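Hello,

Here is the structure you asked to look at. My notes on what was found in it follow below.

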2 protein chains.
Amino acid sequence: MAIKWINYDKLDASAKLASDTPADLTKVMAGAEGAERVAKYSSKMAAGMAFNYAAKNVDDAILKDLQKLADEACLAEKFEALYNGEVINTGEKRLVLHHLTRGQLGNKVECDGTDKRAFYVEQQERIAAFANKVHSGEIANEKGEKFTTAVQIGIGGSDLGPRAMYLALENWAKVNGFFKMQAQFISNVDPDDAAGVLANVDVAHSIFILVSKSGTTLETLTNEAFVKDALKKAGLDPAKHMIAVTSETSPLAGNSDYLGAFFMDDYIGGRYSSTSAVGGAVLSLAFGPEIFARFLNGAAEEDKIATGKDILSNPDLLDALIGVYERNVLGYGSTAVLPYSQAMSRFPAHLQQLDMESNGKSVNRFGEPVDYVTGPVIFGEPGTNGQHSFYQLLHQGTDIIPLQFIGFKESQQGVDVDIQGSTSQKKLCANVAAQIMAFACGKSDENSNKNFAGNRPSSIIIGEKLTPEALGALLAHFENKVMFQGFVWNLNSFDQEGVQLGKVLAKKVLAHETDGALKAYSDLFEI
Amino acid sequence: MAIKWINYDKLDASAKLASDTPADLTKVMAGAEGAERVAKYSSKMAAGMAFNYAAKNVDDAILKDLQKLADEACLAEKFEALYNGEVINTGEKRLVLHHLTRGQLGNKVECDGTDKRAFYVEQQERIAAFANKVHSGEIANEKGEKFTTAVQIGIGGSDLGPRAMYLALENWAKVNGFFKMQAQFISNVDPDDAAGVLANVDVAHSIFILVSKSGTTLETLTNEAFVKDALKKAGLDPAKHMIAVTSETSPLAGNSDYLGAFFMDDYIGGRYSSTSAVGGAVLSLAFGPEIFARFLNGAAEEDKIATGKDILSNPDLLDALIGVYERNVLGYGSTAVLPYSQAMSRFPAHLQQLDMESNGKSVNRFGEPVDYVTGPVIFGEPGTNGQHSFYQLLHQGTDIIPLQFIGFKESQQGVDVDIQGSTSQKKLCANVAAQIMAFACGKSDENSNKNFAGNRPSSIIIGEKLTPEALGALLAHFENKVMFQGFVWNLNSFDQEGVQLGKVLAKKVLAHETDGALKAYSDLFEI
């Protein structure tokens with residue numbers, strides 16, 4: 001079947017969905033029917049996890065229509081075209097190949113005279129060899145001493161994903177004997193960022209990872225200069241303390257200012273680059289290449305699941321479709337991501353970029369304005385912390401915010417205390433279970449201030465433990481979810497033209513080529 | 001004039017505002033008129049800062065109607081009633097006294113037989129004396145060695161505000177000679193939180209600050225047990241390493257298990273407690289009581305400004321009113337908080353609680369359902385980081401998100417590099433100036449993918465440098481903004497009944513007193 005790239009509102013299924021009656025959670029989640037839904041509305045993910053959507057406003061009829069939507073919009077076929085190397089990023093005329101960093105889902109993809117899968121594997125192997133040498137001390141500082149810290153210098157996708165992944169595995173690695181080096185991150189052009197990090201690291205034993213695909217990112221080059229300055233002031237040779245992660249055509253590649261360079265390419269967007277060399281270098285240095293490989297395996301396993309056409313056995317696709325239903329039919333404007341895991345504290349910030357930068361668009365892939373809403377606002381904090389913060393609005397505010405819970409049966413570190421008859425981990429799990437039901441069913445109260453209307457939808461991904469495999473699967477799940485939603489909305493999810501104008505104007509300010517209000521603001525800042 | 005507590009949609013001014021034509025930023029911010037707006041639409045704040053609202057969809061006519069709204073809704077009078085000790089928290093029948101922790105705006109407030117201002121000052125003095133003794137070594141560990149680290153154990157308001165304030169001043173204190181002790185924070189009931197923090201602190205030289213107003217917060221008591229366990233395992237006496245911040249009637253008060261107890265009371269909500277003993281203990285230990293006092297002074301100065309009736313010279317009130325206009329007239333559902341300061345990295349998370357927990361309500365202060373939207377979703381990350389993340393959606397998404405920028409002319413640490421003719425700090429400032437204009441005026445492009453529609457509203461608070469005074473003023477600004485918005489919407493912004501149901505259900509799960517879907521979820525987690 002030839003793939004049709006048509007707008008969401010031109011699909012028959014979108015009209016059908018709009019005429020369906022949403023499942024009322026206060027009814028369907030009550031009593032025995034509710035228990036049945038929890039058992040039935042569950043879809044297997046990689047790494048032993050499951051996506052449970054019992055507490056979403058769907059029923060068998062709506063699921064059938066979501067399947068029709070998936071089929072009519074050729075979602076599986078579009079994913080197939082993507083992983084087989086079609087030019088899916090039409091705006092920039094590029095392939096979209098982040099899946100190839102963790103596996104080969106379809107045909108061999110050749111581009112620029114290269115087998116791209118082989119290219120990504122080669123970079124992983126080069127990184128692994130480098131990391132092993134750093135860990136063994138074969139690559140060491142000027143005094144022949146081992147490096148103890150890896151400092152990533154990057155912004156956006158070169159920062160958020162790798163940082164979130166590092167934090168997610170840091171304590172797990174420590175208790176399981178996989179912790180090799182501390183990682184730190186410098187991202188902001190604010191000089192207080194670099195100065196603050198550098199004041200707290202032992203630069204003589206630090207290896208700096210400069211990450212910029214183009215090799216021209218203002219923040220990153222500025223911070224490179226900052227770091228080089230600090231190294232020189234400490235009497236150290238910057239070239240002995242720095243590596244680059246960049247594209248082969250960038251000014252950073254093959255530069256003798258670095259201990260080595262590892263490559264990505266234009267077919268991997270920054271926000272999709274955690275499984276490329278961008279995440280690979282820092283994670284392999286921090287935890288060892290074997291752990292990074294396990295992380296990739298989890299992502300690859302989830303990607304395979306995402307190729308399925310049956311939405312009930314493809315949780316990435318199903319999650320995407322339910323999200324579209326909530327956004328375009330139910331009219332909800334934002335989604336909260338709520339991992340019940342302190343280790344995932346920065347995972348919502350990564351998803352915020354992934355989702356909002358991919359699908360925060362007003363024109364379709366052909367540049368035509370769309371007549372429907374696209375990507376929502378994404379925000380979130382770990383539970384139970386959020387419960388003592390913004391959950392008040394989620395429970396009793398005037399807008400309904402769909403929720404994306406994540407939880408694990410076991411803690412990462414296995415250190416726990418038993419208080420009032422239960423461990424902290426059991427309390428954590430009890431809280432997320434309780435929240436789902438409080439949101440779904442609410443509670444009537446004569447005191448309207450204590451009344452909970454309920455019918456506030458949520459899903460939950462449940463895993464055994466946050467391991468590298470589970471983390472990889474979670475990352476891939478959301479990458480695939482965002483991709484499928486972009487397909488439904490007929491967007492190009494892989495460019496980001498909306499970030500350009502600000503850059504252009506900032507340059508004008510610095511060059512003092514401004515007038516009107518822009519000059520007035522510049523004057524306020526005494527630029 | 002007697003204060004009228006009436007719903008927003010019953011105010012004449014609300015209908016008038018709905019009939020006004022919003023200022024089109026693509027027009028009014030262009031050319032000379034734009035520059036004039038930047039000069040004119042600015043309001044002085046404390047600590048030498050200014051709130052600039054040139055890039056909001058208001059003009060003189062709308063500002064006049066916002067003044068009418070303020071007058072008709074008796075906003076200044078309601079604030080006056082609040083700081084003079086009326087029972088503004090009607091749901092819990094409590095006074096609302098957080099302003100008294102930093103100054104006396106009106107009459108002496110006597111309650112429970114106590115002059116409340118004197119009570120808060122007494123606690124500050126007790127904390128100051130304690131902190132000074134810790135710093136001098138008069139209060140030391142079992143071996144007579146100085147404490148080097150303060151670990152706050154608290155959640156929600158006992159965590160987010162103090163943590164955000166600590167991070168905002170940490171590097172400033174280090175370069176200015178005010179850094180006394182490192183602070184760490186344990187909040188989540190997730191055992192991986194406490195285990196992770198404890199693995200990274202030197203418990204023998206740590207003083208733990210247990211913060212719970214009621215003395216019954218599940219997470220905090222669980223984490224206390226966790227910490228005591230760790231201290232005992234290290235052969236240390238927990239009573240020599242812990243202090244409590246709590247109410248005088250709590251089980252933690254007067255308990256010999258602690259080195260000391262410092263008090264707050266029921267008249268200060270958790271999310272408004274950063275200037276009480278809740279923030280006071282950890283900030284005084286970390287930076288010294290003098291720095292905490294400077295922080296309070298900044299807040300007190302801003303509070304005074306907030307008492308004014310003229311909206312043009314009361315930036316807290318004006319910010320609140322513009323927010324209501326955006327929410328209820330223009331229909332925008334969320335607001336992004338974007339500090340161009342890495343030190344303020346957790347300030348948006350604090351505001352998220354402050355705002356969403358205060359005004360995420362569907363019933364008015366008399367318990368009657370309201371027929372209009374109330375508090376928005378609040379989210380944000382520091383710039384320029386956000387520019388490389390979710391700004392794509394802010395610029396080109398289908399929904400408009402009002403923006404709240406914050407920026408400073410100078411960096412905190414004064415360490416900088418000059419690249420391509422400008423410092424990092426200048427680049428940072430140039431970026432925020434550029435973003436305001438990119439959002440306001442947009443840019444036409446024949447390639448619709450590169451088209452920016454503009455008319456996306458923002459305000460900016462500009463300061464010289466992020467000092468303790470500036471931080472206090474910023475905190476107070478947003479506390480007062482949220483308070484005024486609650487008044488306009490006729491809400492009780494000082495209770496949080498929406499967090500109760502989840503707690504009740506979680507207890508049932510742990511007691512295995514569940515059935516239906518709640519039991520099914522509990523079983524999935526093997527609780």
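Start with strand 7 of chain A, which is covered on both faces: A:Ser206, A:Phe208 and A:Leu210 are buried on one side, and A:Ile207, A:Ile209 and A:Val211 are buried on the other. In a regular strand, side chains point to the two faces of the sheet in alternation. The strand runs over residues 206-211, and 6 of its 6 residues are buried, so it is largely enclosed by the rest of the structure. Please keep in mind that this is a predicted model.

Which strands does strand 7 of chain A pair with? One partner is strand 5 (residues 149-153) of chain A, in the parallel sense and over 5 bridges. Within that pairing, A:Ile153 has A:Leu210 as its bridge partner. Another partner is strand 8 (residues 242-247) of chain A, which also runs parallel to strand 7 and is joined to it by 4 bridges. There, A:Phe208 is matched with A:Met242.

Now chain A as a whole. Its secondary structure consists of 18 helices and 15 strands. Its radius of gyration is 24 Å, close to the 24 Å that the globule rule gives for 527 residues, so the chain is as compact as a globular protein of that length. Along the principal axes, the C-alpha atoms of chain A fill a box of roughly 70 × 60 × 55 Å. Of the 527 residues in the chain, 63% are buried. Among contacts in chain A with a separation of 6 or more, 74% are between residues 24 or more positions apart.

The domain assignment splits chain A into domain 1 (8-97 + 295-491), domain 2 (114-294) and domain 3 (499-527). Between domain 1 and domain 2 of chain A, the C-alpha centres are 32 Å apart. In contact with each other are 30 residues of domain 1 and 26 residues of domain 2 of chain A. On the domain 1 side, helix 11 (289-306), helix 13 (347-359) and helix 16 (468-488) of chain A each supply at least two residues. Helix 13 of chain A gives the most to that side, with 7 residues. By type, the domain 1 side has 15 nonpolar, 10 polar and 5 charged residues.

Next, chain B. It has an open sheet of 5 strands in the order 6-5-7-8-9, with parallel pairing. Strand 6 (182-186) and strand 9 (260-264) of chain B are the edge strands, each pairing on one side only. On average, neighbouring strands of this sheet are turned by 20° against each other, direction ignored. Strand 8 (residues 242-247) of chain B runs parallel to strand 9 of chain B, and 5 bridges join them. Opposite B:Thr246 stands B:Phe263, in strand 9 of chain B.

How many residues of chain B are in contact with chain A? There are 125 residues of chain B in contact with 125 residues of chain A. Helix 15 (residues 424-441) of chain B supplies the largest share of the chain B side, 14 residues. That side divides into 57 nonpolar, 48 polar and 20 charged residues.

One residue is worth picking out: B:Lys174, in helix 7 (residues 160-175) of chain B. Is B:Lys174 buried or partly exposed? B:Lys174 has 17 other C-beta atoms within 10 Å, so it counts as partly exposed. Leaving aside neighbours within four places in sequence, B:Lys174 is in contact with A:Ala199 and B:Phe179.

Regards

How values were computed
Residues numbered from 1 in each chain as written. Chains lettered and ligands numbered in written order. Predicted model: local features only at pLDDT ≥ 70, side-chain atom pairs only at ≥ 80, totals over all residues. Domains from an automatic or database assignment. Contact = placed C-beta atoms within 7 Å. Nonpolar A, V, L, I, M, F, W, Y, C, P; charged D, E, K, R; others polar. Rg over C-alpha atoms; globule rule 2.2 N^0.38 Å. Buried ≥ 20, exposed ≤ 12 C-beta atoms within 10 Å, placed from the backbone. Pairing = 2+ DSSP bridges. Axes fitted to C-alpha atoms, helices over the stretch in contact; angles between N-to-C directions.
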